[in-house]
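Here are my notes for you to read alongside the model. I've kept them as numbered points, so have the viewer open as you go.

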Amino acid sequence: MHGALDDTICAIATPPGEGGIGVIRVSGQHALDVAAQVVLPRSGKPLSELVSHKLTVADVRSPARAQDVPQGEELPVRSLLDEALVVVMKRPHSYTGEDVVEVQCHGGPVVLDQLCRWLLAAGARLAEPGEFTKRAFLNGKLDLAQAEAVLDTIRAKTARSLTVAQAQRRGMLSREVEQIRSELVTALAHIEAALDFGDEDIAFVRKDELLRLLETTHLKLRRLVESGKDGRIWREGAVVVILGRPNVGKSSLLNALLRSDRAIVTPIPGTTRDVLEELVSIDGIPVRLIDTAGIRLTHDPVEAEGIRRSRLAWADADLALILLDGSEPLSQEDSSLLSSDQAVHSILVVNKCDLPRKLSPTHLEGACPGHSDIVDISATTQMGLDALRGAIRKRVLTGGVESPDGVMVTNLRHADACQRALLGVEQAQHSVAADRAGELIALDLRIAADALGEITGTITTDEILERIFSEFCIGK
Ligand code: GDP
């Protein structure tokens with residue numbers, strides 16, 4: 001159903017370019033035979049006799065072409081490509097659950113490319129993106145949520161995000177989901193048994209018992225759905241856009257938060273013309289900070305394009321920081337920004353507080369009545385930055401899950417499945433309470449259980465697998 005698993009795949013597992021070492025992976029039924037044609041342990045032992053999971057020094061040599069050599073003659077000395085370390089991981093104790101050979105060569109593109117070509121000539125096929133992990137899933141080494149967490153682990157942007165990904169990779173989410181699913185399946189079995197006995201009004205299963213069970217599953221699912229609100233932030237990062245007229249200090253703030261000099265700071269208005277994005281860790285939360293060109297009227301076509309992008313960035317952002325210059329009175333441009341409908345989704349940041357204050361709080365209140373999220377900072381002296389970080393954290397984490405240590409849904413696919421499961425359970429609760437037919441209750445419970453099954457992959461389709469694994473890199 002999931003495509004052939006009987007062929008042997010290979011790929012360069014390290015990123016392209018030069019590196020200290022480069023790793024090539026081979027996995028499949030014939031991994032040892034295929035690799036043995038070009039990887040020759042110095043000890044003279046064939047690969048298949050190496051101790052599993054132990055590194056061995058080996059020569060990587062061009063494959064012998066026995067058919068080119070007349071019978072009875074010695075094979076020619078094969079050219080040495082590289083000296084490498086090789087490790088054999090015998091099935092089922094490998095990442096994919098199949099025989100795996102990993103060769104650590106020098107990390108140059110020519111070495112890795114040549115070895116890869118020889119392995120292909122020796123009978124391997126180039127792996128598709130994510131195919132090693134897909135095989136791990138198909139061979140039962142990981143469930144689907146764990147396989148997805150492998151990608152999250154690779155892509156984690158902060159230490160906290162990594163913690164979340166690792167918990168999922170170890171199966172924390174899967175266990176919770178499977179627990180809920182098994183409760184639903186048990187309830188379903190009781191109802192179906194009642195139906196088989198022709199007991200239409202499900203008296204066979206005590207109604208109050210069923211309601212209690214559904215109440216518990218409902219609570220657990222609600223928690224998962226709630227965690228999903230912040231989960232996306234932990235996994236993908238929050239998008240925070242910095243807005244403000246030219247020269248209020250947007251680039252300076254970005255740099256202060258980055259503590260580096262990625263943006264060019266200049267006192268000439270209107271020089272940050274494009275949208276600049278940087279990833280920062282704010283108390284462990286990955287935040288994609290977007291510095292905009294400033295939203296203002298202009299006839300300069302380049303700047304106008306920048307402004308158009310600023311507006312787009314604002315519309316897509318989780319939060320905006322509206323930056324004001326505390327050393328100047330409120331300008332027309334500031335006021336028009338503050339009067340925008342979107343301004344409620346913002347923190348007002350009054351910058352340059354190291355200079356004498358000219359921005360009147362009354363004017364500010366007048367321009368944006370009732371807005372209470374105001375933070376005073378100085379991008380130059382770093383004053384107020386911790387308070388600003390705290391305010392950002394408070395605003396982007398909406399789900400109330402303060403720590404990512406518990407079970408958390410971070411993936412949109414999982415969040416969607418949990419939501420459908422929750423709806424199914426709610427429907428079932430209504431049907432039970434209203435003494436509806438057992439078939440109806442069973443149908444809703446089946447929908448809920450199947451939705452949860454999609455998360456771990458108990459229920460899956462080739463299309464889902466294709467979508468998930470195509471996001472991976474080749475060699476993972
Ligand atoms: P942008 O156009 O909004 O990106 O503004 P910039 O970050 O380029 O800053 C404009 C000018 O204001 C530069 O000369 C900065 O050095 C200065 N500036 C930015 N933040 C502060 C601050 O907190 N205090 C003071 N005194 N000057 C600042």
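1. Keep in mind that this is a predicted model. I'd begin with the packing around helix α6: its buried residues sit against α4 (144-155), α5 (159-169), α7, α13 (412-433) and α14 (438-456). Among the buried residues of α6 are Leu173, Val177, Ile180, Leu184, Leu188, Ile191 and Leu195. Polar or charged names turn up in that buried set too, including Ser174, Arg181 and Glu183. As background, an α-helix has 3.6 residues a turn, so residues three or four places apart point the same way.

2. I also looked at the length of α6. What span should its 25 residues cover at 1.5 Å a residue? The expected value for residues 172-196 is 36 Å, and because the end C-alpha atoms are 36 Å apart, the two agree.

3. Two of the partners of α6, namely α13 and α14, are worth viewing as a pair. Their axes come within 8 Å and cross at roughly 165°, which means α13 is roughly antiparallel to α14. The crossing is left-handed. On the α13 side the contacts include Ala417, Ala421, Gly424, Val425 and Ala428; on the α14 side they include Ile441, Leu445, Ala448, Leu452 and Ile455. Charged residues take part as well, among them Arg413 and Arg420 from α13 and Asp444 and Glu454 from α14.

4. Now the sheet. Which order do its six strands follow? Reading across, you get β9-β10-β8-β11-β12-β13, in an open sheet with mixed pairing. The edges are β9 (276-282) and β13 (374-376), each of which pairs on one side only. On average, neighbouring strands are turned by 25° against each other, direction ignored.

5. Within that sheet, have a look at β11 (residues 319-325) and β12 (residues 346-351), which pair in the parallel sense over six bridges. For a landmark, take leucine 323: its bridge partner is valine 349 in β12.

6. Two helices lie across these strands. Helix α7 (residues 207-236) lies over β8 (238-243) and β10 (285-291), at about 75° to β10. Helix α12 (residues 385-396) lies across β8, β9, β10, β11, β12 and β13, and runs at about 170° to β12.

7. One last residue: glutamate 236, in helix α7. Is glutamate 236 buried or partly exposed? Its relative accessibility is 33%, so glutamate 236 counts as partly exposed. The C-alpha atoms of glutamate 236 and aspartate 152 are separated by 9.0 Å, although 84 residues apart along the chain.

Conventions. Residues are numbered from 1 along each chain as its sequence is written. This is a predicted model: local features need pLDDT of at least 70, side-chain atom pairs count only at pLDDT 80 or more; totals for chains, interfaces and linings use all residues. Side-chain values use heavy atoms; hydrogens and water are left out. Two strands pair if DSSP finds at least two bridges between them. Helices (H or I, at least four residues) and strands (E, at least two) are DSSP runs, numbered from the N terminus. Axes are lines fitted to C-alpha atoms, for helices over the stretch in contact, and angles run from 0 to 180 degrees between N-to-C directions. Contact means heavy atoms within 4.5 Å. The expected span of a helix is 1.5 Å times one less than its number of residues. Buried means under 20% relative accessible area, exposed over 50%, partly exposed in between (1.4 Å probe, protein chains only). Angles under 35 degrees count as roughly parallel, over 145 as roughly antiparallel, 65 to 115 as roughly perpendicular and the rest as oblique. A crossing is left-handed if the near helix is turned anticlockwise from the far one by less than a right angle, and right-handed if clockwise.
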